[in-house]
Amino acid sequence: WDLTSVLHAVRPDRGYFGISPQGQVTVSDKGMTTFEESPRGERRYLTVNDEQIARVREALVMLASQPPDARIDEK
């Protein structure tokens, strides 16, 4: 999930993801994580539909296979 969160962080306006309503996350004693919607919540999660899944996959493959920019090495 790290790559998806990075993609959203660096390209938030490209429409790759939707965002959940505000809410709260709790973790049970057994490690089970739950999300409960709450207008006072400070947490959200990314959502995707079928079209976004295809676009995200394409973007991640392109970015992961793109050769490094030679100009960066010169600095």
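How many helices and how many strands are there in the protein chain? I counted three helices and four strands, keeping in mind from the outset that this is a predicted model. Read from the N terminus, the elements of the protein chain follow the order α-β-β-β-β-α-α.

**Confidence**

I looked up the pLDDT before going further, and found a mean of 89 for the protein chain, with 89% of its residues at 70 or more. Among the elements, strand 2 (residues 23–27) has the highest mean pLDDT, at 97, whereas helix 3 (residues 70–73) has the lowest, at 54.

**The chain as a whole**

I then turned to burial and surface, and noted that 16% of the 75 residues in the protein chain are buried. The accessible surface of the chain amounts to about 6,600 Å², and carbon and sulfur atoms account for 52% of that surface. For the contacts between residues at least 6 apart in sequence, I recorded that 46% join residues at least 24 apart.

**Helix 1 against helix 2**

At what angle do helix 1 and helix 2 pack? For helix 1 (residues 2–10) and helix 2 (residues 50–65) I noted an angle of about 95°, with the two axes 11 Å apart. Helix 1 is therefore roughly perpendicular to helix 2, since an angle from 65 to 115 degrees is counted that way. I listed the residues that meet here as L3, T4 and L7 from helix 1, and V56, A59, L60 and L63 from helix 2. Sorted by character, the residues of this contact come out as six nonpolar, one polar and no charged.

**Q52 and N49**

Q52 drew my attention as a residue of helix 2, and I asked whether Q52 counts as buried or exposed. Its relative accessibility is 13%, so Q52 counts as buried, the limit for that class being under 20%. Not counting residues up to four places away in sequence, I found Q52 touching G15, Y16, F17, G18 and T47.

N49 lies in the loop between strand 4 and helix 2, and with 41% relative accessibility N49 counts as partly exposed. I also looked up the C-alpha separation of N49 and Y16, which comes to 9.3 Å for two residues that stand 33 residues apart along the chain. Y16 is thus a name I wrote down twice, as it is also one of the residues that Q52 touches.

**S38 and F35**

Where is S38 placed? I located S38 in the loop between strand 3 (33–37) and strand 4 (46–47). S38 counts as buried because its relative accessibility is 17%. With its neighbours within four places in sequence left aside, S38 is in contact with Q22, G23 and Q24.

F35 I found in strand 3, where its relative accessibility of 28% makes F35 count as partly exposed. Which residues does F35 touch, not counting residues up to four places away in sequence? My list for F35 runs to S20, P21, Q22, G23, Q24 and V25, together with R43, R44 and Y45. Q22, G23 and Q24 appear in that list, and they are also the residues I had noted for S38. For F35 and Y45, which are 10 residues apart in sequence, I recorded a C-alpha to C-alpha distance of 9.1 Å.

Methods
Residues numbered from 1 in each chain as written. Predicted model: local features only at pLDDT ≥ 70, side-chain atom pairs only at ≥ 80, totals over all residues. Heavy atoms only, no water. Helix = DSSP H or I, 4+ residues; strand = E, 2+ residues; numbered from the N terminus. Buried < 20%, exposed > 50% of the residue type's maximum accessible area, 1.4 Å probe, protein only. Contact = heavy atoms within 4.5 Å. Areas by Shrake-Rupley, 256 points an atom, 1.4 Å probe, with all protein chains shown as cover. Axes fitted to C-alpha atoms, helices over the stretch in contact; angles between N-to-C directions. Parallel < 35°, antiparallel > 145°, perpendicular 65-115°, else oblique. Nonpolar A, V, L, I, M, F, W, Y, C, P; charged D, E, K, R; others polar. pLDDT = per-residue confidence, 0-100.
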